[in-house]
Structures are given as structure tokens and as C-alpha cells.
Amino acid sequence: MSQWLDVEKVEEIAPGTRRVVDVDGTAVAVFNLGGEFFAIKDACPHDGGELAEGELQGDEIICPRHGARFSVRTGAVLGPPAYEDLRTFRVRVTEGMVQLKTG
Ligand code: FES
């Protein structure tokens, strides 16, 4: 069943930082991009690299394993060696709490 999961208080995820949460056994990385929040599956489709450990350049995350690039906003793959987009998740802020849509 789909529901909203509390991630963290807004002030605990500063712009340019991220948090990883477990959603039914799937690691999801939640990013603050200049005050907007976005969430992507925290596993590179190339070979499972943990994207939350990667370098953030603007709106792009670089996989720490082999350098594939993805849009944090849309999940779109932007550079090899990955060729599949990332799953994204809806995020909202309610009463000062960042929440993630599950299911
Ligand atoms: S695991 Fe991400 S580029 Fe290889």
C-alpha cells in the first residue's frame, strides 16, 4: 500500500546534501537541490554502485564506481557506462518534514 514515509526534518538535509532511507528493502537517496527535494533509487543500473556516495555536480550525481552520470531531478541517465534511467520517487515537505511516497 502506498503511503508517505518520514525521511528527516527539512533543516537536517541542507542544500547539496542527501539522506538514504530504506523503502521496503530498497535503498532510496533523497537529495536537497537548492531547497527542492528529489529522490532516486540508490543503486546504479550499471553495477549497483551506491549513488548517494557519489559527487554531486549541479543537478547531476556521478556514480562513485565507474563514473556514470544521472539527473537527480528526473532519474535520466546522462553518461555511460550506465544506459538505463533510475527509478524516481515522489517527495513532499509537510509541516517541516521531508516525506517520501512509497509503493
Ligand atoms: S556501478 Fe555505476 S557506473 Fe558502474
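Reader: How many helices and how many strands does the protein chain have?

Author: The protein chain has 0 helices and 11 strands. This is a predicted model. Read along the sequence, the pattern is β-β-β-β-β-β-β-β-β-β-β. The radius of gyration is 13 Å, close to the 13 Å from the globule rule for 103 residues, so the chain is as compact as a globular protein of that length.

Reader: What box do the C-alpha atoms fill?

Author: Along the principal axes, the box is roughly 40 × 30 × 20 Å. Of the 103 residues, 27% count as buried. Take contacts between residues at least 6 apart in sequence: 38% of them join residues at least 24 apart.

Reader: Now the sheets. How do strands of a sheet pair?

Author: The general idea is that strands pair through backbone hydrogen bonds, either parallel or antiparallel. Here, one open sheet of 4 strands has the order E2-E3-E4-E9, with antiparallel pairing. E2 and strand E9 (88–89) stand at its edges, each with a single partner strand, so one side of each has no neighbour in the sheet.

Reader: Over how many bridges do E2 and E3 pair?

Author: Strand E2 (residues 18–23) and strand E3 (residues 26–33) pair over 6 bridges, in the antiparallel sense. To find the register, look at Arg19: its bridge partner in E3 is Val30.

Reader: Which residue of E4 is the bridge partner of Ala29?

Author: Ile40 is the partner of Ala29 in E4. Strand E4 (residues 36–41) pairs with E3 over 6 bridges, again antiparallel.

Reader: How do side chains sit along a regular strand?

Author: They alternate between the two faces of the sheet. Keep that in mind when you step along a strand in the viewer.

Reader: What is the strand order in the sheet that holds E5?

Author: The order is E5-E6-E7-E8. This sheet is open, has 4 strands and pairs them in the antiparallel sense. Its edge strands are strand E5 (55–57) and E8, each pairing on one side only. Neighbouring strands of this sheet are turned by 30° against each other on average, direction ignored.

Reader: How many bridges join E7 to E8?

Author: There are 2 bridges between strand E7 (residues 69–71) and E8, which run antiparallel. Arg69 has Gly79 as its bridge partner in E8.

Reader: On to backbone torsions. What is phi of Asp24?

Author: Phi of Asp24 is near 50°, a positive value in a residue other than glycine. Asp24 lies in the loop between E2 and E3. That hairpin has 2 residues between the strands.

Reader: Is Asp24 buried or exposed?

Author: Count the C-beta atoms around the residue. The cut-off for exposed is 12 or fewer others within 10 Å. Asp24 has 8, so Asp24 is exposed.

Reader: Which loop holds Glu95?

Author: Glu95 is in the loop between strand E10 (91–94) and strand E11 (97–101). Its phi is positive, about 50°, although Glu95 is not a glycine. With 7 C-beta neighbours inside 10 Å, Glu95 counts as exposed.

Reader: One more torsion. What is omega for the peptide bond from Pro80 to Pro81?

Author: Omega is near 15°, and the bond is cis. Pro81 sits in the loop between strand E8 (77–79) and E9. Recall that E8 is an edge strand of the E5-E6-E7-E8 sheet. E9 is an edge strand of the E2-E3-E4-E9 sheet.

Technical notes:
Residues numbered from 1 in each chain as written. Predicted model: local features only at pLDDT ≥ 70, side-chain atom pairs only at ≥ 80, totals over all residues. Pairing = 2+ DSSP bridges. Rg over C-alpha atoms; globule rule 2.2 N^0.38 Å. Buried ≥ 20, exposed ≤ 12 C-beta atoms within 10 Å, placed from the backbone. Contact = placed C-beta atoms within 7 Å. Axes fitted to C-alpha atoms, helices over the stretch in contact; angles between N-to-C directions.
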